[in-house]
Amino acid sequence: GPSYRFRTVVLGDGERDGSTWRGNLYLQGHGDPTLKTRDLKRLAAQLRSAGIRRVTGSVLADESAFDRRRTAPGWKPSFYMDESAPLSALVVNRAQYHGETTPDPAGAAAALFTEVLKERGIRVGGRSAWGQAPVDAFPLAQVDSEPLVDVLRFMDRQSDNFTAEMVLKTLGAEVAGRGTTGAGAAVVVDALKEAGVPLAGVRIADGSGLSRLDRLTPSAIAAILTAAWSDDRLRSPLWHALPVAGRNGTLADRLERRPAYGAVHAKTGTTDVASALSGYVRNRFVFALVQNGHPVSTWWARDAQDRFATALAAQ
């Protein structure tokens, strides 16, 4: 739901001996796409407040909440790193480590946390590495993300592929018990069925829409938007998450004149073979436009979309 928060936990598999933790620490991620260095500092502060000044073992990265596939099915090879950071249940700073994007986000997170602990006056005896916390590991610290509704607002307005993929895997982990893209996609399909969305010709292969295996129809998109508008729990979060014509996000420099300005709340979608714009015009219209091409002419496609939305806004 809108209030869900992603959690990141520090677990220990040893025992406390005065100011010393005798054993390893596990930095366990649960898919937070917004996790940053400041969050690691908050975890370190909690450990220090608990009186821990020394760790005899290592800091181990636990990314077991998700599988270890760094991309989604059907992506072009060039999408890896360029269109999305590597996927993992444990990613800090969108996989940026010492100024570069790393293909091992979990390992980088453990290394960075080790550095942060030392900066906070907590000595670590071992090196950072990878490992899964045992079932009897003891929780020592935890940080939570902002509410999901805020994460989705950033995702939709900036059309952020990485966040979308992390949310999809989290759906799989939390609902289906498997942190995979396929499990998350199945959860989405089940939700669409329950909402009465027509699924003929629809295929959900990833969270971002980058996959060449994805298939969506205007009828399905319009039905999703209609179902969300009809649900009191979802109407406001979705309305406020969508880019606003001429004001913010991917529509900041589009539809900048009235009657469309401020009246159109809509999500863009762009690859080299498809261009789309779907959303709401005030509280009067739901619309869904999807254009295909090999390749699609991005400028002309957007011009047609903007003219269509402007015509609706004039009604």
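# Cavity, cores and strands of a predicted model

Good morning. The structure holds 1 cavity of 30 Å³ or more. Please bear in mind throughout that this is a predicted model. I shall begin with that cavity, then turn to the nonpolar cores, and finish with the strands.

The volume of the largest cavity is about 50 Å³. Which residues line the largest cavity? They are Val92, Ala95, Gln96, Tyr97, Thr102, Pro105, Ala108, Ala109 and Leu112. By character, this lining divides into 7 nonpolar residues, 2 polar and no charged. Two elements, strand E7 (96-97) and helix H3 (105-119), each supply at least two residues of the lining. Helix H3 gives the largest share, with 4 residues.

Let me take one lining residue in more detail, namely Ala95. Ala95 sits in the loop between helix H2 (79-82) and strand E7. Is Ala95 buried or exposed? Its relative accessible area is 2%, and the cut-off for a buried residue is under 20%, so Ala95 is buried. Leaving aside residues up to four places away in sequence, Ala95 touches Ala85, Pro86, Glu100, Thr101, Thr102 and Pro105. Of these contacts, Thr102 and Pro105 also belong to the cavity lining. For a sense of distance, the C-alpha atoms of Ala95 and Gly209 are separated by 21 Å, the two residues being 114 apart along the chain.

The loop between H2 and E7 also contains Ser84. With a relative accessibility of 3%, Ser84 counts as buried. Its contacts, not counting residues up to four places away in sequence, are Trp75, Phe79, Asn161 and Phe162.

I turn now to the cores. In soluble globular proteins, nonpolar side chains tend to be buried together. Here, the largest nonpolar core has 27 residues, and those with the most contacts inside it are Leu25, Leu47, Phe113 and Leu117. Which elements give two or more residues to this core? They are strand E4 (25-29), helix H1 (37-49), strand E6 (59-62), helix H3 and strand E11 (138-144). The largest share of the core, 7 residues, comes from H3. Helix H3 thus appears in both parts of this account, with the largest share of the cavity lining and the largest share of this core.

Phe113 illustrates how the elements meet. Not counting residues up to four places away in sequence, Phe113 touches Val10, Leu27, Leu40, Leu43, Ala44, Leu47 and Val59. A second, separate core has 13 residues, including Leu251, Leu255, Val281 and Leu289.

Next, the strands, starting with E6. Val59 and Ala61 point one way from E6, while Leu60 and Asp62 point the other way, and all are buried. On which strands does E6 find its partners? E4 and E6 pair in the parallel sense over 4 bridges, with Leu27 standing opposite Ala61 in E6. E6 also pairs in the parallel sense with strand E10 (residues 129-130), over 2 bridges. In that pairing, Leu60 stands opposite Ala129 in E10. Val59 and Leu27, both among the contacts of Phe113, therefore bring us back to the core just described. A separate arrangement is the open sheet of 4 strands, in the order E2-E3-E5-E9, with mixed pairing. Strand E2 (15-17) and strand E9 (123-124) stand at its edges with a single partner strand each, so one side of each is left without a neighbour in the sheet. Within this sheet, strand E3 (residues 20-22) and strand E5 (residues 54-55) pair in the parallel sense over 2 bridges, and Trp21 stands opposite Val55 in E5.

Finally, I come to strand E13 (residues 274-281). Of its 8 residues, 7 are buried, so E13 is largely enclosed by the rest of the structure. Strand E12 (residues 264-270) pairs with E13 in the antiparallel sense over 7 bridges, and Val264 stands opposite Val281 in E13. A hairpin through 3 residues joins E12 to E13. E13 is also joined by 8 bridges to strand E14 (residues 285-292), and these two run antiparallel. Ser275 has Gln291 in E14 as its bridge partner. E13 and E14 form a hairpin with 3 residues between them, and Arg282 in the turn has a positive phi of about 45°. Val281, the residue opposite Val264, is also one of the residues of the second core.

Thank you for your attention.

Definitions and conventions. Residues numbered from 1 in each chain as written. Predicted model: local features only at pLDDT ≥ 70, side-chain atom pairs only at ≥ 80, totals over all residues. Heavy atoms only, no water. Pairing = 2+ DSSP bridges. 1 Å grid on protein atoms, 1.4 Å probe; cavity = no way out; pocket = protein on both sides within 12 Å on 5 of 7 lines; lining within 4 Å. Points joined across faces, edges and corners; volume = space filled by probe spheres on them. Nonpolar A, V, L, I, M, F, W, Y, C, P; charged D, E, K, R; others polar. Core = buried A, V, L, I, M, F, W, Y, C linked by side-chain atoms within 4.5 Å. Buried < 20%, exposed > 50% of the residue type's maximum accessible area, 1.4 Å probe, protein only. Contact = heavy atoms within 4.5 Å.
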